[in-house]
Amino acid sequence: MIDVATLSVIRRWALREKLSIREIARRTHLSRNTIRKYLRSDTVEPRYAQRSNASKLDPFAGKLTSWLVVESRKGRKQRRSIKQIQLDLVSLGFTGSYGRVAAFARSWCAAQQTALQTTGLGTFVPLVFGAGEAFQFDWSEDWAVIAGVRTKLQVAHFKLSYSRAFYLQAYPLQTHEMLFDAHNRAFVAFGGVPRRGIYDNMRTAVDRVGRGKRRVVNARFSTMVSHYLFEAEFCNPASGWEKGQVEKNVRDARHRIWHTALAFASLDALNSWLADRCRQLWQEIAHGQLSGTVFDAWQQEVPAFMPVPRPFDSYIGCGKRVSPTCLVNFERNRYSVPASYANRPVSLHVYADRLVVVAEGQAVCEHKRVINRSHDAGQTIYDWHHYLAVVQRKPGALRNGAPFTQLPPAFKQLQAALARQPGGDREIVEVLALVLHHDEQVVLTAVELALEAGAPSKTHILNILHRLIDRQIDPEPVTSPQALHLQVEPASNVLRYDQLRKMPGKKQEVRHAS
């Protein structure tokens, strides 16, 4: 079984650089059958057993690092020895060896020494990029007025290294699903996918930073990279100059874009304005090194891009259990689920703007995602359709049921009219259940017509509903002949009448026609 990074390289060599199977096998030391198997199956994320190489020191790594920082600021004679530090860790519950602690301390000291030797030297090498070669990515925090409230936003910045075209997309959070959604939109805006992407060591991409260029990359991020067939590169820690173009773009966007941003009704309206503003600035900003504007250079770069494939399914999955009240919890908010899945485990697919509940491999329901900035108690988002199966068994719950406060006005008027009649609760439940079999708007129209006629009853509503449905269905045309002809012509036969008139000598039963 190969890992995600190796599979990504194999797919890029085969599908983008058009290398032969033999050449890929020679480079990777894998069999040609293995390479063919993964290419034919179009797999972008190999499945393999979870493997964990956790160290006993991992839970205490943060504490040990803080102690080493404190000790490094003391005089040489006042510092604690590594043996003393190891004993202090043992008192906190550490069960590992002294050698593990000493190795960690040596690695930390070496990293500090390297940082002292390289930080602040101020010597750089000018970089040059080819058309379609690379893009750079970074996050920034900016503010905008949305729905009358000044809101802090997390803004994804993309910048093409050759043409210097840039793209901005604003989100409430810096999470995996926001990052993936930003890539989907940026590649569409650029008109293609470059060969490389340059990132810092953000938590949404890198799980752990190793020595040199070694990185433990997030599996979901690697899947996205493999889907778009580009190579992800990560800068050295605290080395922002390695992606200086996008770092400068973050600073320039403050006075080019955000100082001129107006108030917006929603986040979608803001992002639509950002996309238009970026395209406008492409045509206004001179490239600097190439003749013409950024837009002119971008037009030259587009042919060098790989065409944009289908959008990456940019969700993060997590397991949830539906409560007895048909709710699942996420980020302090509660979302309703159809009653048939109460007390059962489901999967929650979290997208940037919506949540999809999946059970048994099928999407069960979908909600618009609600993100709370405050730490107050979260909201409860109901869909009254999810509780129809419950009120059909318990119609009395309809009167004070929280999900049914969101009923359309016509249903509420019908409920008020029927509540005064015996069995009115069950009758309104049966009317609401019609939306499970018919279009909800048609049912609402039937209820409104029944209320206007002054006959708010289930029978009258059903009568109107069937007439509305029949009116929507166009009858098939019937072609009839100009005249009808009998296939079998009737023949006159008076023999039966003669038999009735006969008077035989002996009494006998005459069989009459039935």
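These legends describe close-up views of a predicted model of one protein chain.

**Figure 1. Overview of the protein chain, with its 17 helices and 14 strands.**
The C-alpha atoms of the protein chain fill a box of roughly 145 × 55 × 55 Å along the principal axes. The radius of gyration is 36 Å, whereas a compact globule of 514 residues would have a value near 24 Å. Of the 514 residues, 39% are buried. Among contacts in the protein chain with a separation of 6 or more, 60% are between residues 24 or more positions apart. The chain exposes about 31100 Å², and carbon and sulfur atoms supply 52% of that area. There are 70 positive and 46 negative side chains, and the centres of these two sets lie 9 Å apart.

**Figure 2. Strand β4 and its pairing with β1 and β7.**
Strand β4 covers residues 196-199. Arg196 and Ile198 point one way from this strand, while Gly197 and Tyr199 point the other way. All four of these residues are buried. Strand β1, residues 134-146, runs parallel to β4 and is joined to it by 3 bridges. Within this pairing, Gln136 stands opposite Ile198 in β4. Strand β7, residues 231-234, also runs parallel to β4, with 4 bridges between the two. Here Gly197 has Ala232 of β7 as its bridge partner.

**Figure 3. The open sheet of 3 strands, in the order β9-β10-β14.**
Pairing in this sheet is mixed. Strands β9 (327-330) and β14 (380-381) stand at the edges; each has a single partner strand, so one side of each is left without a neighbour in the sheet. Strand β10 covers residues 333-336 and pairs with β9 in the antiparallel sense over 4 bridges. Two of the residue pairs can be picked out in this view. Asn329 stands opposite Arg334 in β10, and Leu327 has Ser336 of β10 as its bridge partner. Strands β9 and β10 form a hairpin with 2 residues between them. In the turn, Glu331 has a positive phi of about 55 degrees.

**Figure 4. Strand β11 and its antiparallel pairing with β8 and β12.**
Strand β11 covers residues 345-350, and 6 bridges join it to strand β8, residues 316-321. In that pairing, the bridge partner of Gly319 is Ser347 in β11. Strand β12, residues 354-359, is joined to β11 by 4 bridges. His349 stands opposite Val356 in β12. Strands β11 and β12 form a hairpin, with 3 residues between them.

**Figure 5. Asn184 in helix α7.**
Helix α7 covers residues 176-190 and holds Asn184. The relative accessibility of Asn184 is 10%, so this residue counts as buried, the cut-off being under 20%. Apart from neighbours within four places in sequence, Asn184 is in contact with Tyr228, Pro311, Phe312 and Ser314.

**Figure 6. Ala417 in helix α13.**
Ala417 is found in helix α13, which covers residues 409-418. Its relative accessible area is 15%, so Ala417 is buried. Ser457 is 40 residues from Ala417 along the chain, and the C-alpha atoms of these two residues are separated by 9.0 Å.

**Figure 7. The loop residue His29, which has a positive phi.**
His29 is in the loop between helices α2 (21-28) and α3 (32-40). Phi of His29 is near 60 degrees, a positive value in a residue other than glycine. With a relative accessibility of 71%, His29 counts as exposed, the cut-off being over 50%.

**Figure 8. The loop residue Leu229, which has a positive phi.**
Leu229 lies in the loop between α8 (219-228) and β7. Phi of Leu229 is near 60 degrees, again a positive value in a residue other than glycine. The relative accessible area of Leu229 is 9%, so Leu229 is buried. The loop that holds Leu229 leads to β7, the strand joined to β4 in Figure 2.

Definitions and conventions:
Residues numbered from 1 in each chain as written. Predicted model: local features only at pLDDT ≥ 70, side-chain atom pairs only at ≥ 80, totals over all residues. Heavy atoms only, no water. Buried < 20%, exposed > 50% of the residue type's maximum accessible area, 1.4 Å probe, protein only. Pairing = 2+ DSSP bridges. Rg over C-alpha atoms; globule rule 2.2 N^0.38 Å. Contact = heavy atoms within 4.5 Å. Areas by Shrake-Rupley, 256 points an atom, 1.4 Å probe, with all protein chains shown as cover. Lys, Arg positive; Asp, Glu negative; His and termini not counted. Charge placed at Lys NZ, Arg CZ, Asp CG, Glu CD.
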